[in-house]
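Reader: I am new to this structure and should like to be guided through it by questions. May we begin once the sequence and the model are in view?

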Amino acid sequence: MLGIFLPLLLSMLACSDEQSSERPATATTEPTLTVETPQVVDESTWPDRIAARHILIPFSGALGTPFGAMISRDEALELALSIYLAIKDGADMAELARIHSSDSTAGRGGFLGSAEQGTWSGAFESAAFSMEIGDISEPVESPYGFHIIRREAIEEVKLLHLVIQHADSSVQWRDNPNATRTLEEARELATDTSARIASGEDFQSIAAELSNGPTGV
């Protein structure tokens, strides 16, 4: 009888060993929790000064939140994300700033002007200074709420000027507190001065000679 079942028993044992070898090994240790290291911001790569435009969406409890604003943080983030996606899809950021931004810059389309490092709050500044001109950030949270930021090119006009005062000038510069020339004399001197500059004389030298303003030296 044993001779009949022995081959079958051996076959079953062989199949059991084969299945056992294919079974995944049971972990003997618990998984290790890892904590992501915060990204180090390399400020040495930042420009000295940038210009930026932004849209600010505050929420209840944020600094400077307008009186009566009851939007929650989650609602503010949802709105900021929708605005960000609209801008990425081609919407006019300046127009959206006029509609949505809770900031004194809203009237000028969110334009903040230019600033050096250390002017803006930490998270905002890190995002803005790390961007290339024309880049648009995803919502960035600061103590004031969520910002959508676009870095702008700095466009500046440099100029020189000189001031020729007269007796009726509303403000007298401290170096010329008692100007005695009349308005007509001041106009005549200004016309002559303009002609001198047009002829090629050095503007700064003429300003040092004639200007009554603070830049006349």
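Reader: Which residue in strand 4 is the bridge partner of Leu 56?

Author: The model is a predicted one, in which local features need pLDDT of at least 70, side-chain atom pairs count only at pLDDT 80 or more, and totals for chains, interfaces and linings use all residues. Residues are numbered from 1 along each chain as its sequence is written, and side-chain values use heavy atoms, with hydrogens and water left out. Strand 1 (residues 49-57) and strand 4 (residues 145-152) pair in the antiparallel sense over seven bridges, where two strands pair if DSSP finds at least two bridges between them. Within strand 4, the partner of Leu 56 is His 147.

Reader: Over how many bridges do strand 1 and strand 2 pair?

Author: Two bridges can be named here: Ala 51 stands opposite Ser 114 in strand 2, and Ile 50 has Ala 115 of strand 2 as its bridge partner. Strand 2 covers residues 111-116, and its pairing with strand 1 is antiparallel. The number of bridges between strand 1 and strand 2 is five.

Reader: What is the order of the strands in the sheet?

Author: In general, strands of a sheet pair through backbone hydrogen bonds, either parallel or antiparallel. Here the sheet is open, has four strands and shows antiparallel pairing. Strand 2 and strand 3 (140-142) each have a single partner strand, so one side of each is left without a neighbour in the sheet. The order is 2-1-4-3.

Reader: Is strand 1 largely enclosed by the rest of the structure or open, and how many of its residues are buried?

Author: A residue is buried at under 20% relative accessible area, exposed at over 50% and partly exposed in between (1.4 Å probe, protein chains only). Strand 1 is largely enclosed by the rest of the structure, because its buried residues number eight of the nine.

Reader: How many helices and strands does the chain have, and in what order do the elements run?

Author: Helices (H or I, at least four residues) and strands (E, at least two) are DSSP runs, numbered from the N terminus. The chain has six helices and four strands. From the N terminus on, the elements run α-β-α-α-β-α-β-β-α-α.

Reader: Which strands does helix 4 lie across?

Author: Helix 4 comprises residues 122-130 and runs at about 25 degrees to strand 4. Its buried residues include Phe 124, Ala 128 and Phe 129, and the buried residues of this helix pack against the sheet strands. Helix 4 lies across strand 1, strand 2, strand 3 and strand 4.

Reader: At what angle do helix 2 and helix 3 pack?

Author: Axes are lines fitted to C-alpha atoms, for helices over the stretch in contact (heavy atoms within 4.5 Å), and angles run from 0 to 180 degrees between N-to-C directions. The axes of helix 2 (residues 73-88) and helix 3 are 10 Å apart, and among the residues making the contact are Ile 83 of helix 2 and Leu 96 of helix 3. The packing angle is about 155 degrees.

Reader: Why is Ser 137 counted as buried, and at what relative accessibility?

Author: Ser 137 is found in the loop between helix 4 and strand 3. Leaving aside neighbours within four places in sequence, Ser 137 is in contact with Tyr 84, Met 131, His 147, Ile 148 and Ile 149. Ser 137 counts as buried because its relative accessibility is 9%.

Reader: How far apart in space are Ile 164 and Asn 212?

Author: Ile 164 lies in the loop between strand 4 and helix 5 (183-198), and counts as buried at 16% relative accessibility. Not counting residues up to four places away in sequence, Ile 164 touches Asn 212, and Leu 189 is also one of the residues in contact with Ile 164. Although 48 residues separate the pair in sequence, the C-alpha to C-alpha distance between Ile 164 and Asn 212 is 5.8 Å.

Reader: Which element has the lowest mean pLDDT?

Author: pLDDT is the predictor's confidence in each residue, from 0 to 100, and the chain averages 78. Helix 3 (residues 93-100) has the highest mean among the elements, 97. The lowest mean, 43, belongs to helix 1 (residues 2-22).
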